[in-house]
Amino acid sequence: MVMQVAGMVSPYWMANPLEATRLSDLWHTMWTGSDEHDDPGFMPPVTTISPMPIPSPLLPAGRQMTIMYLTNPAVWLPDRINALQVGESIDSYHMRLTLTLDMLGHITNDADTGLPVPTPITMDDQSDEHLSELAGMLTGQQPWDNRAQQLVDQMQEKLDEALPDGYRMNDWVDMGRMLAHGARVTSTLLAAQTAYAYSMEPGTEPRQTALDIITWLKTNRPTLFSLPSPQPQAVHDWWHEHAADANPYLDLLVDMGAETKQACDSVKTLLAQE
């Protein structure tokens with residue numbers, strides 16, 4: 001029997017860290033119209049703990065931007081919210097912005113892939129001239145004017161409605177860190193389960209994928225994932241021993257209303273299967 005593998009159906013976990021680079025490159029291309037991804041000022045849109053694409057707050061001068069980027073709600077969040085905070089990691093920033101967009105109703109699932117994607121903002125003028133001028137305002141190449149400010153105000157109104165007591169940055173930064181840690185633990189467990197499932201498939205390609213995932217985990221998450229052997233049985237035993245470590249995070253997501261109980265229970269069931 002083929003073991004079930006967790007799909008990337010939530011912005012709050014990632015079952016296969018190897019997908020992060022592919023998805024980041026895809027979003028970079030869709031947002032810039034360029035296949036070149038060597039920009040040192042561009043944080044990856046997708047992290048290894050979440051498939052939700054979040055734009056980098058770091059924009060070099062001359063950045064090309066497509067309409068898909070310019071209608072991304074995260075781009076027009078007020079500067080105070082959109083900025084990377086002191087002491088905030090890329091992962092915790094990513095999760096803070098993800099939760100913010102989710103709370104504002106700006107995350108949906110792609111009809112074809114099921115992946116979480118941003119729900120675009122309303123932009124009446126989509127002419128090339130208007131889009132080019134907005135891009136210039138975002139990168140400081142043109143003076144900021146009321147056209148850009150109206151888009152920020154649009155997002156601020158939604159924030160005021162959702163958070164009448166205001167966006168308390170210290171609390172949100174702490175929540176971002178908490179979510180990043182929980183997502184890292186849960187994604188590591190799901191990645192181990194995914195690797196094991198691939199290792200049980202016939203043929204060299206799925207087994208190589210399993211080995212690549214295991215190698216990535218041992219290299220990038222050595223404190224969470226430490227195995228004496230990369231053999232499938234060792235991976236199986238490790239994930240079963242630690243499966244319950246994901247429960248506090250999954251329960252938190254449900255309590256916050258960030259994820260459905262059905263989705264989180266499905267992850268618990270997946271991690272519990274033999």
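# Exercises on helix packing, pockets and burial

The axes of helix α10 (residues 247–256) and α11 cross at roughly 170° and come within 9 Å of each other. The model is a predicted one, and the exercises below walk through parts of it.

## Exercise 1: the α10 and α11 pair

Work out how α10 and α11 are oriented toward each other, and which residues make their contact.

**Step 1.** Start from the crossing angle, roughly 170°. Angles over 145 degrees count as roughly antiparallel, so α10 is roughly antiparallel to α11.

**Step 2.** Now find the residues. On the α10 side they are Asn 247, Leu 250, Asp 251, Leu 253 and Val 254. From α11 come Lys 261, Cys 264, Val 267 and Lys 268.

**Step 3.** Sort them by class: five are nonpolar, one is polar and three are charged.

## Exercise 2: two more helix pairs

Decide how α4 lies relative to α7, and how α5 lies relative to α6.

Keep one idea in mind: a packed pair of helices is described by the angle between the axes and by the distance between them.

**Step 1.** Take helix α4 (residues 90–103) and helix α7 (residues 169–199): their axes are 7 Å apart, at an angle of about 110°. Since 65 to 115 degrees counts as roughly perpendicular, α4 and α7 are roughly perpendicular to each other.

**Step 2.** Look at the contact. In α4, the residues involved are Asp 91, Ser 92, Met 95, Arg 96, Leu 99, Thr 100 and Met 103. Their partners in α7 include Trp 172, Val 173, Leu 179 and Ala 183. By class, this contact has 10 nonpolar, three polar and four charged residues.

**Step 3.** Turn to α5 and helix α6 (residues 146–162). They pack at about 75°, with axes 10 Å apart, and the pair is therefore also described as roughly perpendicular.

**Step 4.** Here His 130, Glu 133, Leu 134 and Met 137 of α5 meet Arg 147, Ala 148 and Leu 151 of α6. That contact divides into four nonpolar, one polar and two charged residues.

**Step 5.** For the spacing of such residues, recall that an α-helix has 3.6 residues a turn, so residues three or four places apart point the same way.

## Exercise 3: the largest pocket and the largest cavity

Describe the space in the largest pocket and in the largest cavity, and say what lines each.

**Step 1.** The largest pocket holds about 210 Å³ of space. It is lined by 16 residues, and the closest to its centre are Leu 59, Val 75, Asp 79, Asn 82 and Leu 138. Two elements give two or more residues to this lining: α3 (79–82) and α5 (128–138).

**Step 2.** By class, the pocket lining has 13 nonpolar, two polar and one charged residues.

**Step 3.** There is one cavity of 30 Å³ or more. About 30 Å³ of space lies in the largest cavity.

**Step 4.** The residues lining the largest cavity are Met 43, Pro 44, Ile 54, Pro 55, Ser 56, Ile 90, Tyr 93 and His 94. Six of these are nonpolar and two are polar, with no charged residues.

## Exercise 4: buried or exposed?

Classify Ile 214, Ser 199 and Gln 150 as buried or exposed.

**Step 1.** Find Ile 214 in helix α8. Its relative accessible area is 5%. Buried means under 20%, so Ile 214 is buried.

**Step 2.** Check its surroundings. Apart from neighbours within four places in sequence, Ile 214 is in contact with Ala 195, Phe 225, Pro 230 and Val 235.

**Step 3.** Move to Ser 199 in helix α7. At a relative accessible area of 13%, Ser 199 is buried too. Not counting residues up to four places away in sequence, Ser 199 touches Arg 207, Ala 210 and Pro 232.

**Step 4.** Finish with Gln 150 in helix α6. The cut-off for exposed is over 50%, and with 51% relative accessibility Gln 150 counts as exposed.

## Exercise 5: helix α9 and its cover

Which residues of helix α9 (residues 232–242) are buried, and what does their cover include?

**Step 1.** The buried residues of α9 are Ala 234, Val 235, His 236, Trp 238 and Trp 239.

**Step 2.** Their cover includes α7, α8 (204–220) and α11 (261–272).

**Step 3.** Link this to the previous exercise: Val 235, one of the buried residues of α9, is in contact with Ile 214, and Ile 214 lies in α8.

Technical notes
Residues numbered from 1 in each chain as written. Predicted model: local features only at pLDDT ≥ 70, side-chain atom pairs only at ≥ 80, totals over all residues. Heavy atoms only, no water. Axes fitted to C-alpha atoms, helices over the stretch in contact; angles between N-to-C directions. Helix = DSSP H or I, 4+ residues; strand = E, 2+ residues; numbered from the N terminus. Parallel < 35°, antiparallel > 145°, perpendicular 65-115°, else oblique. Contact = heavy atoms within 4.5 Å. Nonpolar A, V, L, I, M, F, W, Y, C, P; charged D, E, K, R; others polar. 1 Å grid on protein atoms, 1.4 Å probe; cavity = no way out; pocket = protein on both sides within 12 Å on 5 of 7 lines; lining within 4 Å. Points joined across faces, edges and corners; volume = space filled by probe spheres on them. Buried < 20%, exposed > 50% of the residue type's maximum accessible area, 1.4 Å probe, protein only.
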